[in-house]
Amino acid sequence: MPKKILLDCDPGLDDALALLLAHGDPNIDLVGVTTVGGNVGLPRTTRNALALREYLRFETVPVAAGAARPLSGETRDASHVHGESGLGAAVLPEPTLAVDPRHAVDFLIETIRATPGTIHLVATGPLTNIALALQKEPAIARWVASFTIMGGSFTRGNATPAAEFNIYADPEAARVVFDADWQVVMVGLDLTLQAQANSAVVARLGRLGTLAHELILPLATFWVDANNSDWDGQAVHDVCAVAHVVRPDLFSSRPALVTVETRGEFTSGMTVVDFDSPFPNAMVPVTLDVAGFWSYVEHVYAIVAGQHA
């Protein structure tokens with residue numbers, strides 16, 4: 001049976017590519033999409049999710065809008081990476097179908113509560129919606145089949161030297177999430193930076209026709225980090241989180257105790273990862289079968305491309 005995924009996201013270049021994977025994989029049943037302010041503001045992340053829903057033709061999947069700002073502190077975005085629209089060089093038609101009338105927090109709780117033990121919750125943006133849902137209904141931590149995030153790191157940051165963007169954008173929410181009564185699968189930067197769309201990957205993706213040239217390549221090649229000596233292509237961070245749900249065999253992981261720094265002058269948003277703790281609250285993927293990952297992702301994208309030929 002396909003795994004039911006509920007995706008909380010902030011599209012976003014790599015969120016869009018993650019949505020493409022979640023929609024296209026026949027082993028995934030995408031049951032809902034919730035949006036949060038993050039890579040760009042909430043109106044744009046929601047518009048992007050709605051536009052992707054219509055372009056990719058999963059019109060029956062509900063899209064619900066959530067939190068526009070963090071639990072506390074200033075609102076941050078990453079438009080310098082994702083472009084003003086959030087979708088880089090991709091240009092999609094304006095959506096015509098409406099957003100779900102429910103707030104994302106209520107949608108999350110109602111969807112998870114309706115079929116406990118079956119929903120794999122995946123969060124690829126700031127964790128504000130998830131924290132608010134936990135505060136309103138703590139039992140969702142027991143009702144989900146699994147909970148996976150793209151966020152954090154154990155060696156480095158990208159928003160600051162210490163902090164990855166999704167955690168940095170709402171450290172207080174991340175603290176709530178990691179303190180909840182569940183195991184968090186933390187797919188962080190140390191793992192996702194192994195999944196780079198290098199020139200060979202881009203060349204293969206370019207053979208997927210209309211879908212590649214209208215969506216995949218404009219998303220996967222928009223951002224170039226000229227200051228990164230390890231640069232081999234744009235990392236598809238959020239795709240890794242969705243992939244982990246259905247292809248955990250592609251990842252090697254270690255248990256760890258993860259705590260979130262919320263007050264440090266230079267370290268706010270840092271995920272402090274203790275691999276030696278006897279009380280782990282997280283599973284942290286550390287290495288990726290890169291060839292296997294891209295073989296899987298390209299196969300799924302080819303399925304969708306065939307529908308857009």
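Buried residues are those under 20% relative accessible area, exposed ones those over 50%, and partly exposed ones lie in between (1.4 Å probe, protein chains only). Helices (H or I, at least four residues) and strands (E, at least two) are DSSP runs, numbered from the N terminus. The model is predicted: local features need pLDDT of at least 70, side-chain atom pairs count only at pLDDT 80 or more, and totals for chains, interfaces and linings use all residues. Residues are numbered from 1 along each chain as its sequence is written, and side-chain values use heavy atoms, with hydrogens and water left out.

**Exercise 1.** Determine which residues cover each face of strand β4.

Solution. In a regular strand the side chains alternate between the two faces of the sheet. On one side of β4 lie Ile119, Leu121 and Ala123, and on the other His120 and Val122; all are buried. Because five of the five residues of β4 (residues 119-123) are buried, the strand is largely enclosed by the rest of the structure.

**Exercise 2.** Identify the bridge partners of Leu121 in strands β1 and β5.

Solution. Strands pair if DSSP finds at least two bridges between them. Strand β1 (residues 3-9) pairs with β4 in the parallel sense over five bridges, and Leu6 stands opposite Leu121. Strand β5 (residues 146-150) runs parallel to β4, joined by four bridges; here Phe147 is the partner of Leu121.

**Exercise 3.** Explain why Cys9 forms no disulfide with Cys240.

Solution. A disulfide requires a pair of cysteine sulfur atoms within 2.5 Å. The closest cysteine sulfur to that of Cys9, in Cys240, is 16 Å away, which is too far for a bond. The count of disulfides is zero. Cys9 is buried at 0% relative accessible area, and Cys240 is buried at 0% relative accessibility.
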